[in-house]
Amino acid sequence: MGRWYALSVKPRHEFRVMEGLSSIGEVEGFLPTYRDKRVWSDRTKIIEVPLFGGYVFARFDANTAHMPVLRLGGVKSIVGFGSNPQALADTEIDSVRALVASGFPMQQWPFLKAGQKVKVEHGPLRGAEGVIVSQKDEWMMVVSIELLQRSVAVLLDRSVLRGIRSAA
């Protein structure tokens with residue numbers, strides 16, 4: 001079908017862009033979200049919020065669907081270098097999809113470069129790869145989208161993780 005690309009979108013246009021992507025043939029859209037509690041002076045509400053604010057992911061053939069994707073209302077650009085779109089690693093998208101599908105509580109996380117790279121061995125996140133970090137007495141696995149310099153964290157039992165040796 002094509003490769004995964006990150007689309008930079010106008011602020012608060014992520015859901016609208018996803019609707020537009022579904023109208024283009026041969027394009028698959030992906031908008032990972034999480035549930036966040038928002039507190040106003042008169043009420044508290046749980047809402048669905050994009051995990052990577054300002055970005056939507058789309059899989060398409062850059063040679064044929066590039067222009068229809070860019071013409072969608074709300075799309076600013078396809079993330080890349082200069083005018084060349086940069087494809088994302090399938091493993092990064094697969095890991096984020098696994099996190100979202102798991103139903104585990106998630107939160108946005110600052111992008112991390114350093115740390116132990118891990119792979120989940122058991123359970124619904126089996127095969128997902130990320131970086132392990134310790135937060136107080138809990139273990140978090142952070143999955144990053146390198147090109148966007150953004151990350152997502154999920155709370156996990158360390159016993160389901162296996163370290164991955166980096167190719168140095």
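Which residue meets the side chain of Glu 48 in a salt bridge? Select Glu 48 together with Arg 35: their side chains meet in that bridge, at 3.3 Å from N to O. The model on display is a predicted one, and this tour proceeds from its charged pairs to its aromatic residues, its helix H1, its nonpolar cores and two loop residues.

**Salt bridges**

Remain with the opening pair. Glu 48 belongs to strand S4 and Arg 35 to strand S3 (residues 33–39), so that the bridge, with its partners 13 residues apart, links distant parts of the chain. Arg 35 is exposed, at a relative accessible area of 59%, whereas Glu 48 is partly exposed, at 37%.

Five salt bridges are found in the structure. For another of them, select Asp 36 and Arg 38, whose closest N and O atoms are 2.9 Å apart. Both partners count as partly exposed: Asp 36 has a relative accessibility of 21%, and Arg 38 has one of 31%.

Next, select Asp 42 and Arg 43. These residues form a salt bridge in which the closest N and O atoms are separated by 3.2 Å. Asp 42 is exposed, with 59% relative accessible area, and Arg 43 is partly exposed, with 44%. Then display Glu 28, Arg 59 and Arg 97 together; salt bridges with shared partners join these three residues into one network.

**Charges over rings**

Return to Arg 43 and add Trp 40 to the selection. Besides its bridge to Asp 42, Arg 43 places its charged end over the ring of Trp 40, at 4.7 Å from the ring centre. A second arrangement of this kind involves Arg 97, a member of the network just shown. Select Arg 97 with Phe 30: the arginine lies over the face of the phenylalanine, 4.8 Å from the ring centre.

**Aromatic cluster**

Keep Phe 30 and add Trp 4, Phe 52 and Phe 57; the four residues form one aromatic cluster. Across the whole structure, a search finds four aromatic pairs. One of them joins Phe 52 and Phe 57 in an edge-to-face arrangement, with 5.6 Å between centres and 85° between the planes. Are these two rings buried or exposed? Phe 52 is buried, at 1% relative accessible area, and Phe 57 is likewise buried, at 0%.

**Helix H1**

Now select helix H1, residues 14–22. Its buried residues are Glu 14, Val 17, Gly 20 and Leu 21. Viewed along the axis, these residues span an arc of only 120°, and they therefore lie on the same side of H1. Which exposed residues occupy the face turned away from that buried side? Colour Arg 16, Glu 19 and Ser 22 to see them there.

To examine what the buried residues of H1 pack against, show strands S1 (3–9), S2 (28–30), S4 (44–50), S5 (55–60) and S6 (75–78), as well as helix H2 (66–70).

**Nonpolar cores**

Select Phe 57 once more, this time with Met 141. In the largest nonpolar core, which has 30 residues, these two touch the most other members. At least two residues of this core come from each of S1, S5, helix H3 (90–102), strand S10 (116–120), S12 and S13. Which of the elements gives the most to this core? Helix H3 does, with four residues.

A second core, separate from the first, has 17 residues. To locate it, select Val 9, Phe 60, Ala 65 and Leu 72, which are among its members.

**Two loop residues with positive phi**

The last stops concern the backbone. Most residues other than glycine have a negative phi. Select Glu 26, in the loop between H1 and S2. Although it is not a glycine, Glu 26 has a positive phi of about 65°. Glu 26 is exposed, with a relative accessible area of 66%.

Finally, move to Gln 149, in the loop between strand S12 (138–145) and strand S13 (150–156). Gln 149 is also not a glycine and has a positive phi, of about 55°. At 44% relative accessibility, Gln 149 counts as partly exposed.

Notes
Residues are numbered from 1 along each chain as its sequence is written. This is a predicted model: local features need pLDDT of at least 70, side-chain atom pairs count only at pLDDT 80 or more; totals for chains, interfaces and linings use all residues. Side-chain values use heavy atoms; hydrogens and water are left out. Rings of Phe, Tyr and Trp (its six-membered ring) pair if their centres lie within 6.5 Å; planes under 30 degrees apart count as stacked, over 60 as edge-to-face and the rest as tilted. Buried means under 20% relative accessible area, exposed over 50%, partly exposed in between (1.4 Å probe, protein chains only). A charge sits over a ring if NZ of Lys or CZ of Arg is within 6 Å of the ring centre and within 35 degrees of the ring normal. The arc is that of the directions from the helix axis to the C-beta atoms. Contact means heavy atoms within 4.5 Å. A salt bridge is a side-chain nitrogen of Lys or Arg within 4 Å of a carboxyl oxygen of Asp or Glu. A nonpolar core is a set of buried Ala, Val, Leu, Ile, Met, Phe, Trp, Tyr and Cys residues joined through side-chain atoms within 4.5 Å.
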